[in-house]
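Please examine the structure shown below. The briefing that follows treats its overall form, its symmetry and its aromatic rings.

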There are 2 protein chains.
Amino acid sequence: MAKDDVKLLSMWASPFCMRVKVALAEKDIAYEEILEENIMGGKTELLLKSNPVHQQVPVLLHDNKPICESTNIITYIDEVWPSKPLMSTCAYEKSRARFWADYIDRKVHSAGKAIWTAKGEEEVEAAKTAFLDVLMFLDGTLGDKDYFNGETFGFVDILLVGLTSWFPAYEKYGGFKVEDNYPKLAAWITRTHARETVSESLANPEKITNFVGMLRQMFGIE
Amino acid sequence: MAKDDVKLLSMWASPFCMRVKVALAEKDIAYEEILEENIMGGKTELLLKSNPVHQQVPVLLHDNKPICESTNIITYIDEVWPSKPLMSTCAYEKSRARFWADYIDRKVHSAGKAIWTAKGEEEVEAAKTAFLDVLMFLDGTLGDKDYFNGETFGFVDILLVGLTSWFPAYEKYGGFKVEDNYPKLAAWITRTHARETVSESLANPEKITNFVGMLRQMFGIE
């Protein structure tokens with residue numbers, strides 16, 4: 001077995017898989033992507049064996065050892081492949097990055113999901129407001145910097161940029177534009193999406209929006 | 001200012017503060033504890049300034065720099081005071097510890113809260129079952145080991161042990177005993193609570209149970 005046998009158990013529409021793909025691309029790590037194809041049906045034996053607790057993608061298999069949960073995977077990648085570090089070496093700066101990582105992980109995707117699963121105008125409006133409130137703190141901490149770390153695209157940028165692949169769907173079903181509310185954050189989205197490691201890792205936004213439309217039909221929302 | 005000016009913004013009943021106190025004790029770090037006294041009322045200016053996003057204890061002030069969120073704080077402590085490390089040096093073992101840390105953080109306290117906020121027998125029964133399901137995976141990964149890391153009391157043990165201070169309240173209001181379901185996990189609780197760094201950091205279980213009873217009255221549950 002080669003030293004770095006790297007496989008990623010993945011699903012094309014998962015924003016959590018996309019962020020791992022960005023990290024792997026930033027580190028120039030060659031890997032094999034193994035897609036869970038049957039999104040609505042059963043999960044593969046390999047996934048169930050690799051992540052018995054959560055039974056979710058992404059899972060990184062490094063020399064056949066499974067690492068689960070995207071933020072955990074990206075932390076692992078940064079430690080095992082230390083060139084082009086994603087994190088500052090300062091313990092305090094690292095604690096700030098972990099703080100925002102946790103904030104993003106707990107709030108962004110769930111607040112976005114509340115928009116496209118909302119039923120009726122009032123519920124949609126409330127979900128939209130809550131989502132924009134979540135972004136407010138991110139816009140505030142980004143401020144006038146190019147990236148969350150400062151001048152370099154790093155850990156927090158990677159965690160958030162994966163999730164932005166679903167933003168067009170939130171905007172469509174919530175009836176708003178991120179750029180009308182947070183131009184600095186919107187400029188960060190444009191800036192990061194222009195990066196090759198990001199553009200090659202994120203799914204097409206139109207395809208995601210169609211996918212969300214299909215989920216809404218399945219859930220009986222429209 | 002001395003090199004290590006350490007303060008902990010804390011609340012006596014918070015299991016998340018207790019785990020930070022265990023970590024500080026394990027590392028022999030002298031600190032000043034600043035208690036939020038007015039639990040039901042307003043929060044102090046110092047807390048609001050130190051943790052404007054979540055406005056929650058615990059906050060560690062290290063040379064006046066705030067570090068928020070207990071797991072983040074403990075990771076920071078282990079990095080800044082490296083003697084008696086809480087984590088393995090192996091990247092894979094660390095990823096396993098972070099995985100269980102995240103599992104504990106997302107599931108244990110919220111599943112426990114569902115028990116003591118449940119109304120009616122059926123809801124209590126469902127919450128109890130869900131809580132025991134959460135513990136099942138922890139019992140499984142602990143297995144026959146003394147500690148989650150193996151032979152040494154470490155990161156995952158500290159994260160969980162703080163939360164166990166509320167277990168007697170869950171047992172009382174859920175009508176079950178952890179030891180009847182998971183004797184190995186119950187033995188781990190006894191083992192860790194016998195440790196001086198833990199016993200000096202955890203609030204009295206009876207006091208916690210009374211506190212939970214008071215919260216139930218406030219919430220109109222009983």
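Chain A, with 222 residues, has a radius of gyration of 18 Å, which agrees with the value near 17 Å for a compact globule of that length; the radius is taken over C-alpha atoms, and the globule rule is 2.2 Å times the number of residues to the power 0.38. This is a predicted model, in which local features need pLDDT of at least 70 and side-chain atom pairs count only at pLDDT 80 or more, while totals for chains, interfaces and linings use all residues. Residues are numbered from 1 along each chain as its sequence is written, chains are lettered from A and ligands numbered from 1 in the order in which they are written, and side-chain values use heavy atoms, with hydrogens and water left out.

**Overall form of chain A**

- The C-alpha trace of chain A spans about 55 × 45 × 30 Å along its principal axes.
- Chain A contains 11 helices and 4 strands, which are DSSP runs numbered from the N terminus (helices: H or I, at least four residues; strands: E, at least two).
- Of the 222 residues in chain A, 54% count as buried (under 20% relative accessible area; exposed is over 50%, partly exposed in between; 1.4 Å probe, protein chains only).

**Symmetry of the two chains**

- A turn of 180° with a shift of 0.0 Å along the axis lays chain B on chain A with an RMSD of 0.0 Å (least squares on the C-alpha atoms of residues with pLDDT of at least 70 in both copies).
- The two copies are thus related as by a two-fold rotation axis.
- Arg106(B) is the residue of chain B that comes closest to this axis, with its C-alpha at 4.6 Å.

**Aromatic rings**

- Over all chains there are 26 aromatic pairs (rings of Phe, Tyr and Trp, the last by its six-membered ring, with centres within 6.5 Å; planes under 30 degrees apart are stacked, over 60 edge-to-face, the rest tilted).
- Phe167(A) and Tyr170(A) form a tilted pair, because their centres are 5.7 Å apart and their planes meet at 40°.
- Both residues lie in helix α7 (residues 167–174) of chain A, 3 residues apart, about one turn of the helix.
- Phe167(A) is buried at 4% relative accessible area, and Tyr170(A) is buried at 0%.
- Trp166(B) and Phe211(B) form an edge-to-face pair, with 6.2 Å between centres and 85° between planes.
- Trp166(B) lies in the loop between α6 (155–163) and α7 (167–174) of chain B and Phe211(B) in helix α11 (residues 205–218), so the pair ties together parts that are 45 residues apart in sequence.
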